[in-house]
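Okay, thanks everyone, let me get the slide up. I'd like to talk about empty space first, and then about a pair of helices.

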Amino acid sequence: MRSPAVYLRFFKRKIVREALPPENIAAGWALGMFIGCAIPFGLQLIISIPLAMMMRVSKLGATLGTFITNPVTIFVLYPAQTYVVNKLLFGGSLTFARLMDMEWTWAAVRRLGAEAIASFFLGGFLMAIILTPVTYFLVLRLVRSHRKHRVEKLEAERM
């Protein structure tokens, strides 16, 4: 099994080598992050790819950015986002333990009721509002830094 560092290097290479302006690459990743947080698992790619094409931003970033929610992470992220918003807006009628123990299917969420559904969606939007700009500026900085370093390296080789 590969280490997480191998995957991080792979994603970094994919990000910085894309042939788009840095702002478009960062916008694609931010779009993917927003959709990955705000839209329920399973519908994300159907929304992110057409939006990336319409906005002319990184389709790769819009696709991979949605992977913040995946079959492994949803069992932690969904209960956490639902719990936090439920606690803030509804007085915390849902316990974190109950949310962690439940099966995260549409039927299971519906059985918890309107309060849980509202907490789930508002929690996703809260997470999206926080992580989208963070993603944009981190990716933008990464791409600009890489490209600047690459230009400096090429200039040094010419001398």
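**Holes and a helix pair**

So, starting with the enclosed space: α8 supplies the largest share of the lining of the largest cavity, three residues. Keep in mind that this is a predicted model.

How many cavities of 30 Å³ or more does a search of the whole structure find? One. The volume of that largest cavity is about 40 Å³. Around it you'll find Cys-37, Ala-38, Ile-39 and Pro-40, then Tyr-78 and Gln-81, and finally Phe-120, Phe-121 and Gly-124. If you go by elements, α2, α5 (74-90) and α8 each give two or more residues to that lining. And what about the chemistry? The lining of the largest cavity has seven nonpolar residues, two polar ones and no charged ones.

Right, on to the open space. The largest pocket comes out at about 330 Å³. Its lining takes in 14 residues, and the ones nearest the centre are Leu-8, Phe-11, Lys-12, Ile-15 and Trp-29. Two or more lining residues come from each of α1 (4-16), α2, α4 (59-65) and α8 (114-158). Which of the elements gives the most to this lining? That's α1, with five residues. By class, we have eleven nonpolar residues here, two polar and one charged.

You'll have noticed that α2 came up for the cavity and again for the pocket, so let's look at how α2 packs against its partner, α3.

As a general point, two packed helices are described by the angle between their axes and by the distance between those axes. For α2, residues 22-38, and α3, residues 44-55, the angle is about 155 degrees and the axes are 10 Å apart. Anything over 145 degrees counts as roughly antiparallel, and therefore that's what we call α2 and α3. The crossing of α2 past α3 is right-handed.

Which residues of α2 meet α3? On the α2 side, Leu-31, Ile-35 and Gly-36. Facing them from α3 are Gln-44, Ile-47, Ser-48, Leu-51, Ala-52 and Met-55. Sort that contact by class and you get six nonpolar residues, three polar and no charged ones.

To recap the three places: no charged residues in the lining of the largest cavity, one in the lining of the largest pocket, and none in the α2 and α3 contact. That's my bit, happy to rotate the model for anyone.

Technical notes
Residues are numbered from 1 along each chain as its sequence is written. This is a predicted model: local features need pLDDT of at least 70, side-chain atom pairs count only at pLDDT 80 or more; totals for chains, interfaces and linings use all residues. Side-chain values use heavy atoms; hydrogens and water are left out. Axes are lines fitted to C-alpha atoms, for helices over the stretch in contact, and angles run from 0 to 180 degrees between N-to-C directions. Helices (H or I, at least four residues) and strands (E, at least two) are DSSP runs, numbered from the N terminus. Angles under 35 degrees count as roughly parallel, over 145 as roughly antiparallel, 65 to 115 as roughly perpendicular and the rest as oblique. A crossing is left-handed if the near helix is turned anticlockwise from the far one by less than a right angle, and right-handed if clockwise. Contact means heavy atoms within 4.5 Å. Ala, Val, Leu, Ile, Met, Phe, Trp, Tyr, Cys and Pro count as nonpolar, Asp, Glu, Lys and Arg as charged, and the others, Gly among them, as polar. On a 1 Å grid over the protein atoms alone, a cavity is a set of points where a 1.4 Å probe fits but cannot get out, and a pocket is an open set with protein on both sides within 12 Å along at least five of seven lines; lining residues have an atom within 4 Å of a point. Grid points are joined across faces, edges and corners, and a volume is the space filled by probe spheres set on the points.
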